[in-house]
Amino acid sequence: MWEERWHPLREEWVIIAAHRNNRPWSVGSGAERKEAAVPAYLPDCYLCPGNSRISGAKNEKYTGVFVFDNDHPCVSFSAPTELNKPAGIYRNRAAQGIARVVCYSPHHNAALAELSRDEIQALLACWQEQYKELGERPEIEHVLIFENKGEAVGVSNPHPHCQIYATNFVFKSIETEARVSREHRKETGRVLFSGYSRSGETGWPPHYL
């Protein structure tokens with residue numbers, strides 16, 4: 001099953017991508033990772049430079065940031081378009097969009113917090129470039145760049161990387177944040193997120209600003 005479904009109670013689209021359960025998992029238990037030092041390169045890692053991925057595509061022998069289209073995307077313009085029409089109040093449509101993977105570093109044992117300033121700047125430049133490129137496409141309504149951390153939330157490979165979802169709709173949580181930010185700016189004349197940096201001045205924690 002691969003489609004977008006309308007949630008009538010929450011009034012938002014939800015992506016159903018059951019085929020992603022078939023993506024390869026390259027993680028061991030937390031105990032195993034703590035006991036053994038993680039090398040900078042693993043020959044069986046699908047994200048390490050020069051290695052082949054599950055799709056058969058081969059990674060470049062990259063030395064910095066590396067971007068590629070996800071082999072098991074949650075959205076794609078090749079997603080099925082002939083879908084069974086649901087009954088009653090339910091709606092569905094093709095899960096169209098673009099899903100990409102961004103590897104932060106060629107080193108398997110690196111982490112975002114451990115990158116150098118130059119590496120961070122290169123990553124930020126990559127995010128900006130991807131956001132602009134994908135966001136300019138007329139069929140794309142929103143570009144989400146995010147990183148999940150840890151096997152418990154579904155990370156299938158510990159190599160330092162993030163995901164990009166360029167979708168044909170805006171996630172409800174993002175719509176809410178944008179609306180609240182506009183209202184805050186109109187009421188106070190200030191940018192809402194600037195309050196996070198000033199939370200120490202007020203004594204209030206960020207989530208109360």
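This is a chat about the cysteines and one strand of a predicted model.

Trainee: How many disulfides are there in this one?

Mentor: The count comes to 0 disulfides, where a pair of cysteine sulfur atoms would have to lie within 2.5 Å to qualify.

Trainee: Why is Cys-45 not in a bond?

Mentor: The closest cysteine sulfur to that of Cys-45 belongs to Cys-48, and because the two are 3.7 Å apart, they are too far from each other for a bond.

Trainee: And what about Cys-126, which cysteine sulfur is nearest there?

Mentor: For Cys-126 the nearest one is the sulfur of Cys-162, which is 7.5 Å away, and Cys-126 is in no disulfide.

Trainee: Are Cys-45 and Cys-126 buried or exposed?

Mentor: Cys-45 counts as buried, with a relative accessibility of 3%, and Cys-126 also counts as buried, with a value of 11%.

Trainee: Switching topic, how many residues of strand E5 are buried?

Mentor: Strand E5 covers residues 97–103, and 7 of its 7 residues are buried, so the strand is largely enclosed by the rest of the structure.

Trainee: Which residues sit on each face of E5?

Mentor: On one side are Gly-97, Ala-99, Val-101 and Cys-103, while Ile-98, Arg-100 and Val-102 are on the other, and both faces are covered, with all of these residues buried.

Trainee: Which strands are joined to E5 by bridges, and how do they run?

Mentor: Strand E3, residues 66–69, is joined to E5 by 4 bridges and runs antiparallel to E5, with Phe-66 having Cys-103 as its bridge partner. Strand E7, residues 161–167, is joined to E5 by 7 bridges, again in an antiparallel arrangement, and there Gln-163 is the bridge partner of Val-101.

Technical notes:
Residues are numbered from 1 along each chain as its sequence is written. This is a predicted model: local features need pLDDT of at least 70, side-chain atom pairs count only at pLDDT 80 or more; totals for chains, interfaces and linings use all residues. Side-chain values use heavy atoms; hydrogens and water are left out. Buried means under 20% relative accessible area, exposed over 50%, partly exposed in between (1.4 Å probe, protein chains only). Helices (H or I, at least four residues) and strands (E, at least two) are DSSP runs, numbered from the N terminus. Two strands pair if DSSP finds at least two bridges between them.
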